[in-house]
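Student: Please take a close look at one strand of this model and its surroundings. I would like one connected account rather than a list.

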Amino acid sequence: MDSMVGNDQLTLRDCFQAFTESELLDEHNPWFCPNCKKPQCARKTIAIRRFPETLIVYLKRFVFHQFTSTKLDNKVLFQIESLDVSEFLCHEAALEGGNHIYDLQSAVCHFGGVNAGHYTSYVKNPLTNTWQYCNDETVNHQEPTEADSSNVYILFYQKKGTSKEFTPPTLSLDDPALQPSPAPPSSLVGEMEESCPPLAGEIEEPCVEEEQQSPAMEQSDIDRLLAGLNKAAGQESEEQAMQQPSSHEEEEGDKESFNFYQ
């Protein structure tokens, strides 16, 4: 896999070959032998015994090496129809034969880098058998092409001759999600109307009964109020005058302090 790091163009077959090729386990990464109970150099090979009806191919776009991470933007050419994977079966499974031809049903693409990115997807409509491209809330009729080979991330294949039954959801008028929201109780509406202040531009009419219950102040009451205020002001002035010493007392105090120092 390290030899594929770069901008070289690859095929999906190259990825399968890299996944199933033999790997040497040397003295730095030995294999523990269950017979002699000692670490031994060996070769490790991954062989596929059986392929499922729905094959999910997860491309290793993100690589972590020496405390750093990077994204591989290699173009990986993928087949939309008739992907044959029979050559990657183990010897015993290959002798049994069988159908190992797949058609693409969906693909997930990734745009961006390691720290941030954006996902889109291609899906094949099971009812109309047409391709649709989903990008957030936007859905267009578009088929995957070679231009997506550098962004494709996950591929979903379905074995020929097999299919998954798809029943679209049916909506019923009795579905609670389709029912309108119930109106608030009449008592609650009355409370809201009483608590809401009048809007701008609305003039609140004065209450005639309240005006009749609070008659205007008579002239005699006003005179008594003014007399009380004048009397309180006069008393306050007399108290301030009593607290201040006269000029004669101040002069005698100065003389006494002068004689004391002499």
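Tutor: Rings of Phe, Tyr and Trp (for Trp, the six-membered ring) count as a pair if their centres lie within 6.5 Å. With that rule, Y58, F62, Y119 and Y153 form one aromatic cluster in this predicted model.

The strand to look at is β15, residues 152–159. Of its 8 residues, 7 are buried, so β15 is mostly covered, buried being under 20% relative accessible area. Strand β6, residues 54–58, runs antiparallel to β15 and is joined to it by 5 bridges. In that pairing, T54 has Q158 as its bridge partner. Strand β11, residues 101–112, is also antiparallel to β15, with 7 bridges between them. There, F156 of β15 stands opposite S106. In a regular strand, side chains alternate between the two faces of the sheet.

Aromatic contacts also occur elsewhere. The count comes to 6 aromatic pairs. One of them is formed by Y122 and Y133, with 4.6 Å from centre to centre and 40° between the planes, a tilted arrangement. Because Y122 lies in strand β12 (residues 117–124) and Y133 in strand β13 (residues 131–135), this pair ties together parts that are 11 residues apart in sequence. Both Y122 and Y133 are buried.

A surface feature can be set beside these buried residues. I222, L225, L226 and L229 make a nonpolar surface patch of about 360 Å². L229 lies in helix α5, residues 219–243. L229 counts as exposed because its relative accessibility is 53%, and the cut-off for exposed is over 50%.

Terms used: Residues are numbered from 1 along each chain as its sequence is written. This is a predicted model: local features need pLDDT of at least 70, side-chain atom pairs count only at pLDDT 80 or more; totals for chains, interfaces and linings use all residues. Side-chain values use heavy atoms; hydrogens and water are left out. Buried means under 20% relative accessible area, exposed over 50%, partly exposed in between (1.4 Å probe, protein chains only). Helices (H or I, at least four residues) and strands (E, at least two) are DSSP runs, numbered from the N terminus. Two strands pair if DSSP finds at least two bridges between them. Patches are made of residues with over 30% relative accessible area and no salt bridge: like charges are joined within 9 Å, nonpolar side chains (Val, Leu, Ile, Met, Phe, Trp, Tyr) within 5 Å. Accessible areas come from the Shrake-Rupley method with a 1.4 Å probe; for residues, only the protein chains shown count as cover. A salt bridge is a side-chain nitrogen of Lys or Arg within 4 Å of a carboxyl oxygen of Asp or Glu. Rings of Phe, Tyr and Trp (its six-membered ring) pair if their centres lie within 6.5 Å; planes under 30 degrees apart count as stacked, over 60 as edge-to-face and the rest as tilted.
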